[in-house]
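I opened this notebook to record, place by place, what I looked up in the structure. The entries follow the order in which I went through them.

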Amino acid sequence: MMAAVLEAPGKMTPREVEDPVCPDGGLILKVEACSICSTDVKMLRHGQRDLIYPRILGHEIAGVVHEADCVGSRVGERVQAFPGVFCGRCPSCRRGAENMCELVRILGFNLDGGFAEYLQIPGDSVRNGSVFPIPDGVKSEEATLAEPLACCINAQELAGVGEDDSVLVFGAGPAGNLHAMLARKRGASMVAMAEPLEERVNLARSTGADLLVNSRKEDLRVRAEEATDGRGFDVIILASRDVAVDDDLLALLAPRGRLSLFSGLPRSLAAPRLDLNHLHYREKLVVGSYGCTPAQNRGALELISSGSFDAGWLITERVSLGEISKGMEHAEGREGLKAVVTEFGR
Ligand SMILES: [Zn+2]
Ligand SMILES: [Zn+2]
């Protein structure tokens with residue numbers, strides 16, 4: 001089969017590899033769409049501590065079941081695959097935090113992923129209910145957005161985004177836009193976005209956000225004060241890797257406000273000095289989030305399938321496996337939003 005193989009950091013080659021065999025109790029998917037995530041770009045450019053080469057990346061996956069070694073054959077079914085393969089028994093799994101599983105493995109990370117014609121889905125994924133049918137009428141490329149949306153759901157659940165909250169999202173990339181739309185869906189009374197690139201500010205209009213701030217040209221503090229009558233935001237979500245978490249940022253939070261660390265931060269920004277008494281006196285919370293659970297993935301796919309959450313506009317580039325470097329550049333170039341591999345031949 002054809003696959004885009006990451007041979008070493010910086011070197012991804014579309015080439016012929018051996019077909020995968022159907023694992024015990026698992027499935028072989030014929031991939032129909034696999035979206036490119038900023039994590040894929042990061043792994044391509046800089047490698048990753050846990051990567052063993054060669055590796056096929058891609059964790060935002062939709063396809064058709066091609067072979068099945070499980071009870072009740074699912075051959076021919078169109079599905080979206082949750083990429084985490086977890087144990088189901090450890091303390092985190094038992095608490096419904098499968099993304100924190102001690103033994104978790106991830107498709108497109110430490111198992112081969114979806115930038116390939118065919119993909120192996122382990123038996124554990126099938127047994128744990130991590131393979132979701134895609135309803136008719138939902139395109140496979142749209143279904144791939146369930147995974148990134150589920151990551152946003154995880155962050156917003158942990159930060160308690162709900163009715164009447166005012167929410168500020170930093171970053172109008174694919175995740176930032178999903179966050180803005182999701183916050184509205186969860187009942188936020190006001191949604192603001194801050195983004196330094198004009199093209200992305202313009203694209204973000206489709207989210208229906210109440211306030212779009214070009215953070216390079218405008219004074220965010222002034223706009224935030226106007227927008228919240230000086231009270232600050234109930235929730236701030238960092239969907240950008242280059243926002244400094246400092247006392248000025250915490251000052252933008254209302255009393256009992258929550259700061260969601262959705263994006264991983266580069267080393268230079270990851271160890272700030274903060275006045276923790278400010279958190280103490282104003283009862284503010286800082287909360288991390290990383291990945292998502294299968295239940296959140298299911299919820300995300302349901303939301304996309306409901307017809308009331310249009311995420312399809314986020315897809316601004318479609319490429320074949322042979323052109324995957326073009327897709328990576330699209331994701332990296334930040335002029336558009338999401339690139340998806342939709343053709344898997346040569
Ligand atoms: Zn991702
Ligand atoms: Zn576990």
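**Entry 1, the metal site.** I kept in mind throughout that the model is predicted. I began with the zinc ion (ligand 2), whose protein donors are C87 (SG), C90 (SG), C93 (SG) and C101 (SG), at 2.3 to 2.4 Å from the metal. Reading along the chain, I noted that these donors follow the spacing C-x2-C-x2-C-x7-C.

I then asked which arrangement the four donor atoms around the zinc ion (ligand 2) make. The angles they subtend run from 104 to 116°, so the arrangement is tetrahedral, given that four donors count as such if all angles lie between 85 and 135 degrees. For reference I wrote down that the ideal angle for four tetrahedral donors is 109.5 degrees.

I also looked up the accessibility of two of the donor residues: C93 has a relative accessibility of 8% and therefore counts as buried, and C101, at 6%, counts as buried too.

**Entry 2, a pair of helices.** I turned next to helix 1 (residues 38–46) and helix 12 (residues 324–333), whose axes come within 10 Å and cross at roughly 110°. Helix 1 is therefore roughly perpendicular to helix 12, because angles of 65 to 115 degrees are classed that way. On the side of helix 1 the contact is made by D40, V41, L44 and R45, and on the side of helix 12 by M328, E329, A331 and E332. Sorting the residues of this contact by character, I found four nonpolar and four charged, with no polar ones.

**Entry 3, the loop that follows helix 1.** I looked up G47, which has its place in the loop between helix 1 and strand 4 (55–56). Is G47 buried or exposed? Its relative accessible area is 13%, so I entered G47 as buried, the cut-off being under 20%. With neighbours within four places in sequence left aside, G47 is in contact with P9, K42 and Y53. I also took its separation from H280: the two are 233 residues apart in sequence, and their C-alpha atoms are 39 Å apart in space.

**Entry 4, a serine in helix 4.** My last stop was S140, which lies in helix 4 (residues 140–143). I recorded S140 as buried because its relative accessible area is 9%. Which residues is S140 in contact with, leaving aside its neighbours within four places in sequence? I listed E32, A33, A62, R78 and I134.

Notes
Residues numbered from 1 in each chain as written. Chains lettered and ligands numbered in written order. Predicted model: local features only at pLDDT ≥ 70, side-chain atom pairs only at ≥ 80, totals over all residues. Heavy atoms only, no water. Axes fitted to C-alpha atoms, helices over the stretch in contact; angles between N-to-C directions. Parallel < 35°, antiparallel > 145°, perpendicular 65-115°, else oblique. Contact = heavy atoms within 4.5 Å. Nonpolar A, V, L, I, M, F, W, Y, C, P; charged D, E, K, R; others polar. Donors = N, O, S within 2.8 Å, 3.2 Å for Na, K, Ca; no water. Tetrahedral: all angles 85-135°; square planar, octahedral: opposite > 155°, others 65-115°. Buried < 20%, exposed > 50% of the residue type's maximum accessible area, 1.4 Å probe, protein only.
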